[in-house]
Amino acid sequence: MRKFITLLSLALGLVLQAQKKDNFVGNWTANDGSVITIYIQDSSYHAKINDKVVLIQMEKKSDTQLYGGTYYDEKSKTEYEAKLKLTDSNTILLRILNGLSGKRMVWRRILINPEEKNSKLTLLQRLN
């Protein structure tokens with residue numbers, strides 16, 4: 001009975017965690033190899049590259065779009081309007097708007113090591 005309750009609690013926790021998952025939150029990589037971390041703070045989305053904040057106060061428009069925030073370009077020391085769009089579950093298109101011109105960047109999700117992904121399954125198997 002104890003194993004059953006433990007297994008049930010673990011399964012319920014995994015289901016709740018899966019429901020809370022946000023498609024934008026996580027680690028991403030740019031074409032230049034930079035690692036981008038997207039996180040939620042004070043109900044808006046932010047992003048850091050190498051521990052420097054580059055996206056601030058992005059708001060969720062839909063499950064695949066963020067808008068309303070700014071992108072900070074450290075080289076020019078300038079902020080630009082930014083929009084993020086998930087083109088698929090592992091790819092983000094970042095549009096930086098600068099008047100009539102703009103810039104586009106593609107970020108790809110850093111996938112979890114298969115061993116880490118399977119560790120939760122292994123734990124469930126051990127409890128049986």
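Reader: Is phenylalanine 24 buried or exposed, and what is its relative accessible area?

Author: In this predicted model, phenylalanine 24 is buried, with a relative accessible area of 0%.

Reader: Where does phenylalanine 24 lie, and which residue does it pair with?

Author: Phenylalanine 24 sits in the loop between α1 (2–20) and β1, while its partner, tyrosine 45, belongs to strand β3, so the pair ties together parts that are 21 residues apart in sequence. Tyrosine 45 is buried as well, at a relative accessible area of 6%.

Reader: How many aromatic pairs does the structure hold, and why is the pair of phenylalanine 24 and tyrosine 45 called edge-to-face?

Author: The structure holds one aromatic pair. The ring centres of phenylalanine 24 and tyrosine 45 are 6.0 Å apart and the planes stand at 70 degrees, so the pair is edge-to-face, given that planes over 60 degrees apart count as such.

Reader: Let me step back to the fold; how many helices and strands are there, and in what order do the elements run?

Author: There are two helices and eight strands, and, read from the N terminus, the order is α-β-β-β-β-β-β-β-β-α.

Reader: And what do the eight strands form?

Author: They form a closed barrel that runs β1-β2-β3-β4-β5-β6-β7-β8, with antiparallel pairing. Within this sheet, neighbouring strands are turned against each other by 30 degrees on average, with direction ignored.

Reader: Starting at β1, how many bridges does it share with β2, and which residue stands opposite tryptophan 28?

Author: Strand β1, which covers residues 26–30, pairs with β2 in the antiparallel sense over four bridges, and the residue opposite tryptophan 28 is isoleucine 36 in β2.

Reader: What about the other end of the barrel order, say β6 with β7?

Author: Strand β6 (residues 78–88) and β7 pair in the antiparallel sense over seven bridges, and the two form a hairpin with two residues between them. Across this pairing, leucine 86 stands opposite isoleucine 92 in β7.

Reader: Then how many bridges join β7 to β8, and which glycine has a positive phi in that hairpin?

Author: β7 and strand β8 (residues 101–109) pair in the antiparallel sense over eight bridges, with isoleucine 96 standing opposite lysine 103 in β8. The glycine is glycine 99, whose positive phi is near 65 degrees, in a hairpin that has two residues between the strands.

Reader: Staying with β7, what does leucine 93 touch?

Author: Leucine 93, which lies in β7 (residues 91–98), touches Lys83, Leu84, Lys85, Thr87, Arg104, Met105 and Val106, leaving aside residues up to four places away in sequence. For valine 106, the separation from leucine 93 is 13 residues in sequence and 4.8 Å in space, C-alpha to C-alpha.

Reader: Which residues that are not glycine have a positive phi?

Author: Aspartate 42 is one of them, with a positive phi of about 55 degrees, and asparagine 50 is another, at about 50 degrees.

Reader: Where are aspartate 42 and asparagine 50, and are they buried or exposed?

Author: Aspartate 42 is placed in the loop between β2 (35–41) and β3 (44–49), and its relative accessibility of 69% counts as exposed. Asparagine 50 is found in the loop between β3 and β4 (52–62), and at 56% relative accessibility asparagine 50 also counts as exposed.

Reader: What share of the residues is buried, and how much surface does the protein expose?

Author: Buried residues make up 24% of the 128 residues. The protein exposes about 9200 Å², of which carbon and sulfur atoms supply 53%.

Reader: What share of the contacts comes from residues 24 or more positions apart?

Author: Such residues account for 29% of the contacts with a separation of 6 or more.

Reader: Before I rely on any of this, what is the average pLDDT, and where does it stay under 50?

Author: The protein averages a pLDDT of 79, and 71% of the residues score at least 70. The value stays under 50 over residues 14–20, for which the model has three contacts beyond four places in sequence. It also stays under 50 over residues 119–128, where the model has 12 contacts beyond four places in sequence.

Methods: Residues are numbered from 1 along each chain as its sequence is written. This is a predicted model: local features need pLDDT of at least 70, side-chain atom pairs count only at pLDDT 80 or more; totals for chains, interfaces and linings use all residues. Side-chain values use heavy atoms; hydrogens and water are left out. Contact means heavy atoms within 4.5 Å. pLDDT is the predictor's confidence in each residue, from 0 to 100. Buried means under 20% relative accessible area, exposed over 50%, partly exposed in between (1.4 Å probe, protein chains only). Accessible areas come from the Shrake-Rupley method with a 1.4 Å probe; for residues, only the protein chains shown count as cover. Two strands pair if DSSP finds at least two bridges between them. Axes are lines fitted to C-alpha atoms, for helices over the stretch in contact, and angles run from 0 to 180 degrees between N-to-C directions. Rings of Phe, Tyr and Trp (its six-membered ring) pair if their centres lie within 6.5 Å; planes under 30 degrees apart count as stacked, over 60 as edge-to-face and the rest as tilted.
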